Each structure stands twice: as C-alpha cells, then as structure tokens.
Amino acid sequence: MRTLRSVLLASAMAVGFATAAEAAPITGMINFTGDIIYNSTTATFLPTTVVNGSATGNFAGVFPAFTPVTWLISPLTFSPSLSPTGLIWTVGGNTATFTANSGSGSVSGASNFLTFTMSGTLTLTGYDPTPAQMAITAQFGGDGVTPVAWSGTARALSVPEPASLALLGAGLLGLGFAARRRQAA
C-alpha cells in the first residue's frame with residue numbers, strides 16, 4: 001500500500017511539474033506579398049513586403065493587412081542552398097520573427113517560376129520559439145533587374161504536447177516501481 005502511495009505521489013508530481021513548464025508553441029501561419037528581384041540563384045526582397053491579411057492560428061488578428069515586413073537578410077542565395085542563414089525577417093518591431101537554418105530553391109520553366117523553401121524557427125511575442133517552414137513563389141521575372149510580385153507563407157510546424165510526454169514518463173515510472181516491488185518480494 002505504501003509503494004502504491006509513493007507511485008501515485010510521484011505520478012502527480014510529474015504531471016504537476018509538466019503542466020507548470022508547459023510550452024505555448026505557435027500555431028497557424030502568416031502570409032506575405034511584395035516585390036522581388038531574382039535570378040537563377042539569388043533573390044532580393046524590396047521594402048514593399050507586407051502582411052497579406054489571411055493569417056491563421058496565433059497570427060489571426062495580430063497583424064492587420066499591409067503591416068510592413070522588414071527583411072534583415074537580402075539578397076538571399078537560394079540555389080544550391082540557402083545562404084546566409086540567420087534572422088531573415090521581422091514584423092511589428094520584432095513581434096514576430098523568422099530565423100532560417102536551411103533551405104533551397106530553383107527557377108524553372110519558360111516563365112522563370114521561382115520557388116524556394118526555408119526551414120527554421122518562428123517566434124511570436126507571448127509564445128515559445130517554434131519550428132517552422134517558409135515557402136516563397138514568384139513568376140514572370142528572373143532577369144535580375146525587373147521587380148515582380150511574390151507571395152510567401154510562414155507556417156508553424158506541430159510540436160509534441162509536453163503534458164502527454166509527462167504522462168508517458170509517469171506511467172513508465174510507475175511500471176519501474178511496480179517491477180522493483182516484485183523483485184523485493
């Protein structure tokens with residue numbers, strides 16, 4: 001009986017600590033549009049980049065349509081791989097940021113269709129940094145001189161819920177105590 005109480009107390013403590021340390025990952029996506037100049041390997045984002053009004057999840061209602069986006073690294077080399085990496089953009093004076101750690105892209109077809117993706121970390125004030133991916137597309141350009149319109153989406157990737165992991169840990173802890181008790185008997 002005493003061991004059962006110990007197991008229950010340990011389980012309750014594990015769940016209680018997990019809840020106190022529970023993360024608040026970002027959910028949803030934020031969309032952008034603007035002007036870009038690109039060639040077969042490099043893209044330069046012009047200061048016309050703004051938030052497109054169709055944000056979802058935690059971004060919904062935070063940034064009104066046409067909120068300016070500040071590109072901190074431009075131009076970006078996207079082929080054969082993303083360079084440089086680091087803090088790519090901010091919105092709302094660092095209310096939201098995207099830091100890239102990898103990516104690649106290409107220009108293809110007769111219309112010089114640009115597509116590239118970046119993987120990294122998305123931040124939003126009040127939430128934990130969250131793994132994310134950003135996709136960018138543009139078409140009918142690619143001469144390295146003429147600005148063309150582009151669109152992009154930064155999407156938060158799902159993160160395992162800490163409370164579920166704590167519950168699994170508490171169950172394993174209980175099994176360990178039960179096995180120990182059987183060995184002692």
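The nonpolar core, the aromatic pairs and the surroundings of Thr56 are described here for a predicted model.

The largest nonpolar core comprises 36 residues, and those with the most contacts inside it are Phe32, Trp71, Trp89, Met118 and Met134. At least two residues of this core are supplied by each of β1 (29-38), β2 (42-45), β4 (69-71), β6 (86-91), β7 (96-108), β8 (113-124), β9 (130-138) and β10 (148-156). The largest share, 5 residues, comes from β8. Burial of this kind follows a general pattern: in soluble globular proteins, nonpolar side chains tend to be buried together. Beyond residues up to four places away in sequence, Trp71 touches Phe45, Thr49, Leu76, Ile88, Trp89, Met134, Ile136 and Trp150.

The count of aromatic pairs comes to 6. In one of them, the ring centres of Phe45 and Trp150 lie 5.1 Å apart with the planes at 75 degrees, so this pair is edge-to-face. Because Phe45 belongs to strand β2 and Trp150 to strand β10, the pair ties together parts that are 105 residues apart in sequence. Phe45 is buried, at a relative accessible area of 6%, and Trp150 is buried at 2%. The rings of Trp89 and Phe98 are stacked, since their planes meet at 15 degrees and their centres are 6.1 Å apart. Trp89 and Phe98 are both buried, and ring pairs link them with Phe32 into a cluster.

Thr56 is located in the loop between β3 (50-52) and β4. With a relative accessible area of 34%, Thr56 is partly exposed. Outside its neighbours within four places in sequence, Thr56 is in contact with Thr27, Gly28 and Met29. Thr27 and Thr56 are 29 residues apart along the chain, and their C-alpha atoms are separated by 7.9 Å.

Technical notes
Residues numbered from 1 in each chain as written. Predicted model: local features only at pLDDT ≥ 70, side-chain atom pairs only at ≥ 80, totals over all residues. Heavy atoms only, no water. Core = buried A, V, L, I, M, F, W, Y, C linked by side-chain atoms within 4.5 Å. Buried < 20%, exposed > 50% of the residue type's maximum accessible area, 1.4 Å probe, protein only. Helix = DSSP H or I, 4+ residues; strand = E, 2+ residues; numbered from the N terminus. Contact = heavy atoms within 4.5 Å. Phe/Tyr/Trp six-rings, centres within 6.5 Å; stacked < 30°, edge-to-face > 60°.
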